Amino acid sequence: MLNRVRSAVAHLVSSGGAPPPRPKSPDLPNAPSPQTAAPPEAPRSPPATAGSGSAAPAKTVEARASFSRPTFLQLSPGGLRRAVDHAGRAVQSPPDTGRRLPWSTGYAEVINAGKSRHNEDQACCEVVYVEGRRSVSGAPREPSQGQGLCFYYWGLFDGHAGGGAAEMAARLLHRHIREQLKDLVEILQDPSPPPLCLPSTPGAPGSSDSSHLVGPQSCWSSQKEVTHESLVVGAIENAFQFMDEQMARERRGHQVEGGCCALVVVYLLGKVYVANAGDSRAIIVRNGEIIPMSREFTPETERQRLQLLFPRRIQPKELGQRMLYRDQNMTGWAYKKIELEDLRFPLVCGEGKKARVMATIGVTRGLGDHNLKVCSSTLPIKPFLSCFPEVRVYDLTQYEHCPDDVLVLGTDGLWDVTSDCEVAATVDRVLSAYEPNDPSRYKALAQALVLGARGTPRDRGWRLPNNKLGSGDDISVFVIPLGGPGSYS
């Protein structure tokens with residue numbers, strides 16, 4: 001059985017994996033983001049090294065393995081040294097003297113308690129302008145024919161086995177999303193249903209003839225009508241896959257080590273799109289109500305996709321015994337007599353937070369991990385992982401939001417020790433202490449959430465007020481007010 005599994009995986013890898021071949025994404029430059037419709041409050045530039053605090057050249061940004069933090073933090077050399085201090089674990093936030101993040105977003109982070117040498121979380125906050133690639137008819141676009149779109153973007157990237165993948169995703173994923181949206185600029189601004197086909201190349205013979213553009217209703221039933229919202233969701237999903245493919249192409253030459261979970265928020269045309277691949281989490285706290293905007297993807301939550309699950313790896317001496325198990329179709333547990341074929345390496349080992357895919361990795365979706373092998377073997381684990389996110393949509397126009405309504409994004413360092421209800425209680429406690437029009441309230445809330453999860457240093461490590469262990473992981477938090485750009489920018 002093990003040989004058959006290895007043969008199947010080898011065939012999968014040699015044929016390029018399960019997904020069909022795709023055209024390469026256009027090369028994405030390492031230059032700063034293009035000009036935005038409104039001046040971006042938080043431009044991202046190549047990160048600084050811990051030693052000097054100076055910006056690294058763009059051409060060597062991927063080849064470097066040094067420590068870096070989000071540019072919007074504006075850390076001085078001394079600030080960078082404090083950011084790597086595992087003993088002090090000082091909370092880092094953008095300075096009050098700098099330009100505020102879009103929508104007066106709050107952000108705070110803290111390094112781990114010694115789990116890894118550097119903070120492997122990364123963050124990005126951008127305002128991105130998208131210029132259409134072509135008109136729907138295929139004719140060359142005139143400046144007066146239409147305008148581009150502007151979207152707001154927030155991203156948290158929780159790295160593992162190194163920070164290279166998280167850093168690369170923080171710099172480039174929003175550019176992949178922009179690239180995927182270029183074909184949709186005019187379509188999204190047109191209330192009519194999207195066309196079934198787009199012309200292949202602007203200016204090509206026959207491309208200006210729009211007679212072949214067919215709406216989806218003409219050949220599909222009304223139940224399969226394509227919405228503008230679903231096009232944006234598809235663009236985000238494709239961007240994740242193109243980002244993962246770029247990591248695979250560049251992992252050797254640019255030291256893109258490890259992998260990362262990715263939690264991304266895109267605000268476009270009145271709707272908030274939350275895309276999650278990994279074990280980070282997003283919730284909306286609206287008038288005291290908690291609205292989940294993501295779910296974690298771990299071996300435990302995706303065990304039905306990953307097939308058979310035993311509580312632990314089976315030992316040869318246990319042949320013939322009856323052990324607890326459940327397969328992909330079960331929600332409960334049962335006892336099964338252990339047969340010889342059950343000695344193969346199980347796809348999922350362990351339970352809860354200790355569950356691992358093939359005893360190696362604790363998340364089932366994310367970016368990167370192209371070099372990761374199964375523990376004590378040469379078997380690649382990437383074919384069992386997915387780079388596709390789950391995307392949930394929240395329509396801001398359907399509700400009237402007050403200044404206390406927020407979207408909270410956090411890496412697992414927050415959620416490992418903090419429940420949704422505890423986060424909602426902190427939101428109420430902190431924001432009620434500030435005037436509604438005070439833009440610094442959201443940064444204060446992000447800092448309070450990070451401090452609450454980190455705890456305080458005691459004789460036996462970092463402890464919470466109830467004396468339970470605080471989070472020893474990297475912790476990163478965004479607090480996004482839901483009033484939108486008109487109210488809070």
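How many bridges join strand β6 to strand β15, and how do the two strands run? I will come to that after a word on the model.

This is a predicted model, in which local features need pLDDT of at least 70, side-chain atom pairs count only at pLDDT 80 or more, and totals for chains, interfaces and linings use all residues. Residues are numbered from 1 along each chain as its sequence is written, and side-chain values use heavy atoms, with hydrogens and water left out.

Confidence next. pLDDT is the predictor's confidence in each residue, from 0 to 100. The protein chain has a mean pLDDT of 78, with 67% of its residues at 70 or more. Over residues 29-65 the pLDDT is below 50, and this stretch has 88 contacts in the model beyond near neighbours in sequence; contact means heavy atoms within 4.5 Å. Residues 216-223 also stay under 50, and there the model has ten contacts beyond four places in sequence.

Now the chain as a whole. The protein chain holds nine helices and 18 strands. Helices (H or I, at least four residues) and strands (E, at least two) are DSSP runs, numbered from the N terminus. Of the 489 residues, 48% are buried. Buried means under 20% relative accessible area, exposed over 50%, and partly exposed in between, with a 1.4 Å probe and protein chains only. For contacts between residues at least 6 apart in sequence, 69% join residues at least 24 apart.

Back to the opening question. Five bridges join β6, residues 281-286, to β15, residues 406-410, and the two run antiparallel. Isoleucine 283 stands opposite valine 408 in β15. Both strands belong to an open sheet of five, ordered β1-β18-β15-β6-β7, with antiparallel pairing; two strands pair if DSSP finds at least two bridges between them. At the edges stand β1 (106-110) and β7 (289-292), each with a single partner strand, so one side of each has no neighbour in the sheet. From one strand to the next, the twist averages 20°. Helix α7, residues 420-431, packs on the sheet and touches β6, β7 and β15; its direction makes about 50° with that of β6. Axes here are lines fitted to C-alpha atoms, for helices over the stretch in contact, and angles run from 0 to 180 degrees between N-to-C directions.

Elsewhere, β2 covers residues 121-130, and nine of its ten residues are buried, so this strand is largely enclosed by the rest of the structure. Ten bridges join β2 to β3, residues 149-160, in antiparallel fashion. One bridge partner in β3 is cysteine 150, which pairs with tyrosine 129.

Next, helix α8. How far apart are its end C-alpha atoms? They are 20 Å apart, which agrees with the 20 Å expected for the 14 residues 441-454 at 1.5 Å a residue. The expected span is 1.5 Å times one less than the number of residues. Ten of the 14 residues in α8 are buried, including Tyr442, Leu445 and Leu449. Glycine 455, just after α8, takes a positive phi of about 85°.

Two further phi values. Most residues other than glycine have a negative phi. Arginine 89 has a positive phi of about 45° and lies in the loop between α2 (77-83) and β1. Is arginine 89 buried or exposed? Arginine 89 is buried, with a relative accessible area of 0%. Alanine 161, with a positive phi of about 60°, is in the loop between β3 and α3 (164-181). Alanine 161 counts as exposed, at 61% relative accessibility.
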